[in-house]
Amino acid sequence: MAQKVLVVNGPNLNFLGIRQKNIYGEEDYATLVNRLERKARELHLEVEAFQSNHEGAIIDRLQAAYWDGTAAILINPGGLTHTSVCIRDALAALSMPKIEVHISDIHAREDFRNTSMIRAVCHGQISGQGLAGYEQALENIAARLATAAGKGKARPRAGRSQLSPEADLRQALAGKKLFLLDMDGTIYLDQELFAGSTAFLEAIQKKGGTYVFVTNNSSYSTAEYVRKMGDLGVAAGEENFFTSTQAALDYLAKYHKGQKVYVQGTESMVAQLREGGVDVSTRVEPVDVVLVGFDRELSFEKMRNTCKILSTQEVVYIATNPDLRCPVSFGFVPDCGAMCEAIRMATQKDPLYLGKPKPEMLALAMERYGAKPEETIVIGDRLYTDIASGKAAGIDSLLVLSGETRLEDLAKASREKGAEVLPEYVAKDVGVLARNMA
């Protein structure tokens, strides 16, 4: 099967239908795609062309490349070349070959090449070669992929749509040190702890492993989660939780240390960020980063402040999680993703999301707890968050059938999206895992 190369193009006058002969020549976007497809066939590659004028759409497509079988990236960010820190960060998290391409003579200038935002995270840069530069980049990528194949680079594994034999579960769990766990539907349901949960957590500790509850919900502090689990009978400490607020703390420390951050979130979230050393602002003033979380205390003033900063300042824009709705006793309420959709409608700005199913959160968790991907497993009850995040982060995933997902859902997902979206392992519940821990 041919390996897939994702070709991403951002805002570009030529691709918007405005041809400037002295800069771009007479060839339009359709011509570029046709040339790339022909060249790809010669190199035994498959090309997927993606073009958008919106930063958020480009970031989402790059993040999807973690799990959709993409083998390499060829990118021309266009007008976002020198401004999008979020595109740079999304590319930085991808370990596959990445080549930056610019087609015009203007982009061949050394001052332009050296100041490109994404140059440092790509494996090469081709400028000023016109559309032939894309073909040259494809040849570069083909060579890199061939080298990787010669070194035995692993391909994505197809998952399971049936229960795993217990022997397979024992083998899978034996080599794991870090267990990244969903909570509701995995450890408990509503306010009731599952029968095997305590035994499972004790078995992890007995073998010298670490369990961490991973949640997208940024509205509660880790201390509040400790109390909640304690009420259910689980003796967990703050070190056993990794929330999307903590993921944001780690992300800011890694990429934006010392910068001023405007936060739209609960008082609990703001306090946790300040305790973590972040220079937090909650009013309109010059800032470097805007961070939006799931805000149960949301007001019109907060939304107005966020929109004003995004509309009047050049800032990095991130959000804790992409969930559109949060379950409550009577149904659902808007979650962080829905709040960001409202902001997008007003500002035309999209954030870089950190939470599940994006891979950043699990990658940051592995860094925090000092675990390698092969030593880590994510366990949860939802295909589109828990399992998708494991796939995206390149770690083993195990689905339990005690929550949202049923076996028939796995069969449907396999038919519609392919076996690559399925978990590596499937178990009835964590009680089964408890008796199969080495």
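This is a short tour of a predicted model, with selections to make in turn.

**Stop 1: the sheet**

Start with strands 10, 9, 6, 18, 19 and 20, which form an open sheet of 6 strands in the order 10-9-6-18-19-20. The pairing is parallel. Find the edges next: strand 10 (241-243) and strand 20 each pair on one side only. From one strand to the next, the twist averages 25°.

Now zoom in on strand 6 and strand 9 (residues 210-215). They run parallel and are joined by 4 bridges. Select Leu-178 and look across: Thr-210 in strand 9 stands opposite.

**Stop 2: helices on the sheet**

Select helix 9 (residues 222-231). Helix 9 lies across strand 9 and strand 10, and runs at about 130° to strand 10. Then pick helix 15 (residues 383-393), which packs on the sheet and touches strand 18 and strand 19. The direction of helix 15 makes about 160° with that of strand 19.

**Stop 3: helix 7**

Select residues 166-174, which make up helix 7. Which residues of helix 7 are buried? They are Leu-169, Ala-172 and Leu-173. Turn the view to look down the axis of helix 7: the buried residues fall within an arc of 90°, so they line one face of the helix. A general point helps here: an α-helix has 3.6 residues a turn, so residues three or four places apart point the same way.

What covers these buried residues? The cover includes strand 6 (178-181), strand 18 (376-380), strand 19 (396-400), strand 20 (425-427) and helix 17 (430-434).

**Stop 4: a helix pair**

Show helix 10 (residues 244-255) with helix 11 (residues 267-275). They pack at an angle of about 35°, and their axes are 10 Å apart. The crossing of helix 10 past helix 11 is right-handed. For the contact itself, show side chains: Thr-245, Gln-246 and Leu-249 in helix 10 meet Met-269, Gln-272 and Leu-273 in helix 11.

**Stop 5: the cores**

Finish with the nonpolar cores. The largest has 53 residues. Select Leu-62, Ile-73, Ile-75, Leu-91, Leu-180, Leu-291 and Ile-318, the residues with the most contacts inside this core. Another core, of 31 residues, lies apart from the largest one; Met-183, Val-400, Leu-433 and Met-437 are among its members.

Go back to Ile-75 and show its surroundings. Leaving aside residues up to four places away in sequence, Ile-75 touches Val-8, Leu-62, Ile-87, Leu-91, Ile-99, Glu-100, Val-101, Ile-118 and Cys-122.

Notes
Residues are numbered from 1 along each chain as its sequence is written. This is a predicted model: local features need pLDDT of at least 70, side-chain atom pairs count only at pLDDT 80 or more; totals for chains, interfaces and linings use all residues. Side-chain values use heavy atoms; hydrogens and water are left out. Buried means under 20% relative accessible area, exposed over 50%, partly exposed in between (1.4 Å probe, protein chains only). Helices (H or I, at least four residues) and strands (E, at least two) are DSSP runs, numbered from the N terminus. The arc is that of the directions from the helix axis to the C-beta atoms. Contact means heavy atoms within 4.5 Å. A nonpolar core is a set of buried Ala, Val, Leu, Ile, Met, Phe, Trp, Tyr and Cys residues joined through side-chain atoms within 4.5 Å. Two strands pair if DSSP finds at least two bridges between them. Axes are lines fitted to C-alpha atoms, for helices over the stretch in contact, and angles run from 0 to 180 degrees between N-to-C directions. A crossing is left-handed if the near helix is turned anticlockwise from the far one by less than a right angle, and right-handed if clockwise.
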